[in-house]
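Hi,

Here is the structure I promised to pass on to you. Have a look at it first, and then read my notes underneath.

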Amino acid sequence: MEAADRDTGIHLAELLAAFSLATDLGLGQPMEHVLRSWRIAERLAGRMGLSEDQRQSLFPVSMLAWVGCVADSPEVAASFGDDIAFRADSYGADLAGLEGFGFFLRRAGRGGPMWHRLRVAATILTTGGQNVVRGMQSHCTTTSTLADRLGLGPDVVTALRQFFTRWDGRGVPDGVGGEDIAPIVRLLHLADVVEVRYRTGGIGGALEVARARRGRQFAPDVVDAFVAHAPEVLAGAGTGIDALTADPRLRRPLTEGELDTALEAFADFTDLRCASRAGHSRGVADLAGAAARSMGLPAGDVIATRRAGLLHDIGLHGVPATILDRPGPLSATDWERVRLSSYYTERVLARPAALARLGAIAATAHERMDGHGYHRGLSGAAVPMTGRLLAAACAYRAMLEPRAHRPALTDKQAVSAVRDAIRTGALDGDAAETVLAAAGNGARRRVSGPAGLTPREVEVLILISRGAQTGEVAERLGISRKTAGTHIERIYTKTGASSRSTATLFALRNGLLDPLDL
């Protein structure tokens, strides 16, 4: 049997459930919100007589429905401030009609200066909120892209594209409503909201919101079934990840190759949370894995180190994009939220046991040998070699990438900074030097043009993947704004992208986002 075909002992359902815990962080909800919502929808599905095929699709659709919120975090933050707080607050409002319009206007430009708040509000008013709607449509497209990469089938992909529909047809895609919405999506529309209302307002709050949105956001028959069975549907809706494989419909073990593919997909989506981090997790993973191999670590440790690199930033789902993209120094409170990200990484990956090992390594990416790292403040022998390699790879790779508070360092500057960290005792010398050797001391990689992209279009694609707007692209490349816009339109046409997020995913899949190429 080929190594890639061996069973990992990890089921796809367990992996999806673990990733859903990170999604909970991005929604501003307690962990297992998504899992509890699925359990509510699953119980309703049984009472409404959905087919076995539909109920089998319900789990992956539930786990992935909100994943696209990661991809649009920079855009949400630009318009509404703290993206996590925005999503948490959104559960209290019906986002269509005057109520939704008022919700968006009240939060327009929150946290920014008055001129910014007025400009965002004016945009919402003049477009009738269509800029927000387009973001929702991009969210659905991005999420369905992940499902496709995970090989989840057309039924799941189609259902995910409908997550922002409404029974009354006032969601997105525009005009899709009523019986055109997949039955499992109709269930999730209700389950997602009533889980929050039940947790915060008891059964009375859950029934109140279901009745209030009947025939609007929620399908009437779903509301009626929920009202009829609310006590038994809501009671004990929690479920542990370890118990998922007890359901035979969720038993799909992953091969080694399938697990790597899935983790790479999750890494790409995690990095979308901050435009300047596109490609960071893959880069860290490849560098740390290569260094572990060069150092002669056991094959299992080499594989685990690379996989931990893919997952090391998953805890950033719990950090608002306004903090990740802040150009100035962070406050003590904001810095503490960043430090918590590695705790979230370990917490998200705590189950099942096979993932817990990866989580333990991933959570050491920001530890330092002198004890000045986070989140545990480990030092010396307490930091395993896999963690020392990961920390060095993460530090070196991050230096080569632009951040809101500084430009990217040159390779020479990054090498010098890493060796300074060795001298001060922050990074392990053997691990860091092995990482630098694995990096080839800045050897450049030739960028090709997939999908027929010209060399200039590749340049433009890299820039927009890093978050550059049309005007910035024009300024960086010394071309007119109109020409930059034409390049972007052609890139979208050739790659089949519909937004910055999907264009970034194309660039990632084709290896175009090496920071040394910028």
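Below is what I found, beginning with a pair of helices and moving on to three single residues. Please keep in mind that this is a predicted model.

**Helix 2 and helix 11**

Two packed helices are described by the angle between their axes and the distance between the axes. For helix 2 (residues 33-48) and helix 11 (residues 183-212), the angle is about 125° and the axes are 8 Å apart. An angle that is neither under 35 degrees, nor over 145, nor within 65 to 115 counts as oblique, and helix 2 and helix 11 are therefore oblique to each other. Their crossing is right-handed.

If you would like to look at the contact itself, helix 2 contributes His 33, Arg 36, Ser 37, Ile 40, Ala 41, Leu 44, Ala 45 and Met 48. From helix 11 come Leu 187, Leu 188, Leu 190, Ala 191, Asp 192, Val 194, Glu 195, Val 196 and Arg 199. By type, the residues of this contact between helix 2 and helix 11 are 11 nonpolar, two polar and four charged.

**Glu 264**

Next, a charged residue in helix 13 (residues 256-271): Glu 264. Is Glu 264 buried or exposed? Its relative accessible area is 18%, and buried means under 20%, so Glu 264 is buried. The side chain of Glu 264 makes a polar contact with the side chain of Arg 306, at 2.9 Å. Setting aside neighbours within four places in sequence, Glu 264 is in contact with Arg 149, Arg 282, Arg 306 and Leu 310.

**Arg 277**

Moving along the chain, Arg 277 lies in the loop between helix 13 and helix 14 (280-294). Arg 277 has a relative accessibility of 17% and therefore counts as buried. Which residues does Arg 277 contact, leaving aside its neighbours within four places in sequence? They are Asp 271, Asp 313, Leu 316, Leu 324, Arg 403 and Arg 466.

**Ala 503**

The last residue on my list is Ala 503, which you will find in helix 25 (residues 500-509). Its relative accessible area is 0%, so Ala 503 is buried. Not counting residues up to four places away in sequence, Ala 503 touches Leu 461, Ile 464, Ser 465, Tyr 492 and Ala 497. One of these, Ile 464, is 39 residues from Ala 503 along the chain, and the C-alpha atoms of the two are separated by 8.2 Å.

Happy browsing, and do write back with any questions.

Best wishes

Notes: Residues are numbered from 1 along each chain as its sequence is written. This is a predicted model: local features need pLDDT of at least 70, side-chain atom pairs count only at pLDDT 80 or more; totals for chains, interfaces and linings use all residues. Side-chain values use heavy atoms; hydrogens and water are left out. Axes are lines fitted to C-alpha atoms, for helices over the stretch in contact, and angles run from 0 to 180 degrees between N-to-C directions. Helices (H or I, at least four residues) and strands (E, at least two) are DSSP runs, numbered from the N terminus. A crossing is left-handed if the near helix is turned anticlockwise from the far one by less than a right angle, and right-handed if clockwise. Contact means heavy atoms within 4.5 Å. Buried means under 20% relative accessible area, exposed over 50%, partly exposed in between (1.4 Å probe, protein chains only). A polar contact is a pair of N or O atoms within 3.5 Å; within protein, one must be able to donate a hydrogen and the other to accept it, and residues adjacent in sequence count only if both atoms are side-chain atoms.
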